[in-house]
Amino acid sequence: MNQIDEDYMTVALNLAKKGRGTTSPNPMVGAIIVKKNRIIGKGYHKKAGLLHAEIYALKEAGNDAKDATMYVTLEPCSHWGKTPPCTDAIIKAKLKRVIIGMKDPNPLVYGNGILKMQENGIEVEVGILEDKAKELNKFFIKYITKKIPYVIMKAAISLDGKIAVKTGDSKWISSNESRKRVQLLRNQIDAIMIGINTLKIDNPHLNVRIKNKKKEPYKIILAGKQKIRGLKNLNLFKENHDKIIIIQSMDAGNEIYEDLVHKIITLQENYTLKEVLKKLAKLEIISVLVEGGSRVFTNFIDEKLVDEYLFFIAPIIIGSDGIPIYQGKSPEKVKKTIKFTKVKGKFLNGNIFLELKR
């Protein structure tokens with residue numbers, strides 16, 4: 001690895017980011033073609049079903065691609081999907097070298113694209129800025145290897161660990177800047193999930209409120225055994241109700257709404273959240289933002305299903321009868337508490353923003 005390769009891979013990674021929020025369930029991929037120290041072709045995957053990054057780059061480079069080097073953030077595909085194999089196009093263009101950020105974790109591709117290019121005389125190097133490439137596609141990697149979505153838990157909390165006062169009111173614990181950051185996040189993920197109590201108390205919109213938004217995520221309600229009354233009067237139903245997914249147990253009886261929502265998923269009584277995530281993955285939902293409430297947070301934490309925690313900590317104290325973020329029992333020793341191994345933090349207009357991983 002040398003600095004020049006890293007610099008060009010950085011360009012490819014930045015190109016890939018342009019597909020954030022639009023490529024699901026596919027990965028974000030960027031590619032550039034370099035010849036005589038000049039970029040002659042570039043591209044990124046814009047949307048599932050459209051051309052892959054490598055093909056856009058090859059089209060822009062044209063005949064000049066012969067004997068050039070391609071930098072691509074993810075191993076080129078070697079199988080037919082909605083589009084032809086990228087490796088075939090790369091071989092046909094007679095590229096000299098292909099520098100890859102990371103192998104494709106998809107078993108249909110993993111290593112096969114590399115091998116196919118090598119067998120056709122192309123020099124291949126793998127692992128340039130690999131950590132950054134993996135971070136870029138953490139949603140896709142989890143989905144393709146574990147068959148469940150990547151889960152982010154988001155909560156605004158007080159200094160004493162409460163997400164609402166005793167009445168359930170939580171508007172607004174977080175600052176304006178914090179809420180703007182949440183809107184940006186919603187614009188990148190596939191689905192937002194809440195429990196039925198949060199639906200009843202907050203009557204949220206769960207929409208994306210920014211200019212030039214790329215998508216409107218699915219809105220998932222964990223209803224359990226409870227019936228959802230007056231769905232037509234809820235803010236969720238007033239806009240994009242075709243994006244609503246209701247998760248319920250068999251005796252909940254919400255079939256009356258079947259034609260008014262995207263989908264009703266009915267599971268056995270006492271279903272687990274992992275079962276829910278497996279069902280969502282089958283719908284090609286690869287990322288979920290869990291936004292409440294306390295019981296849902298607790299169950300996700302206890303089932304160890306959260307990949308990433310985002311906490312907006314406000315400089316307020318709510319009190320002992322407020323609603324806690326976590327309802328699990330305290331261990332007898334500090335060393336038995338839930339620990340986070342990766343921690344990032346910053347100030348956001350009076351809030352402390354923490355990104356945590358266990």
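How many positive and negative side chains does the protein chain have, and how far apart do the centres of the two sets lie? In this predicted model, the tally is 62 positive against 39 negative side chains. The centres of those two sets sit just 2 Å from each other.

As for overall build, the protein chain contains 11 helices and 16 strands. Its radius of gyration comes out at 23 Å, close to the 21 Å that the globule rule gives for 358 residues, so the chain is as compact as a globular protein of that length. Along the principal axes, the C-alpha atoms fill a box of roughly 70 × 45 × 40 Å. Contacts between residues 24 or more positions apart make up 71% of those with a separation of 6 or more.

Turning to the surface, 50% of the 358 residues count as buried. The accessible surface of the protein chain adds up to about 18300 Å², and carbon and sulfur atoms account for 50% of that area.

The cysteines are worth a look too. The disulfide count is 0. Cys-77 takes part in no disulfide, and the nearest cysteine sulfur, that of Cys-86, is 3.7 Å away. Why do Cys-86 and Cys-77 not form a bond? A disulfide calls for sulfur atoms within 2.5 Å, and the sulfur of Cys-86 is 3.7 Å from that of Cys-77, so the two are too far apart for a bond. Both residues are tucked away from the surface: Cys-77 is buried at a relative accessible area of 8%, and Cys-86 is buried at 1% relative accessibility.

Conventions. Residues are numbered from 1 along each chain as its sequence is written. This is a predicted model: local features need pLDDT of at least 70, side-chain atom pairs count only at pLDDT 80 or more; totals for chains, interfaces and linings use all residues. Side-chain values use heavy atoms; hydrogens and water are left out. Buried means under 20% relative accessible area, exposed over 50%, partly exposed in between (1.4 Å probe, protein chains only). Helices (H or I, at least four residues) and strands (E, at least two) are DSSP runs, numbered from the N terminus. The radius of gyration is taken over C-alpha atoms; the globule rule is 2.2 Å times the number of residues to the power 0.38. Contact means heavy atoms within 4.5 Å. Accessible areas come from the Shrake-Rupley method with a 1.4 Å probe; for residues, only the protein chains shown count as cover. Lys and Arg count as positive and Asp and Glu as negative; His and the chain ends are not counted. The place of a charge is taken as NZ of Lys, CZ of Arg, CG of Asp or CD of Glu.
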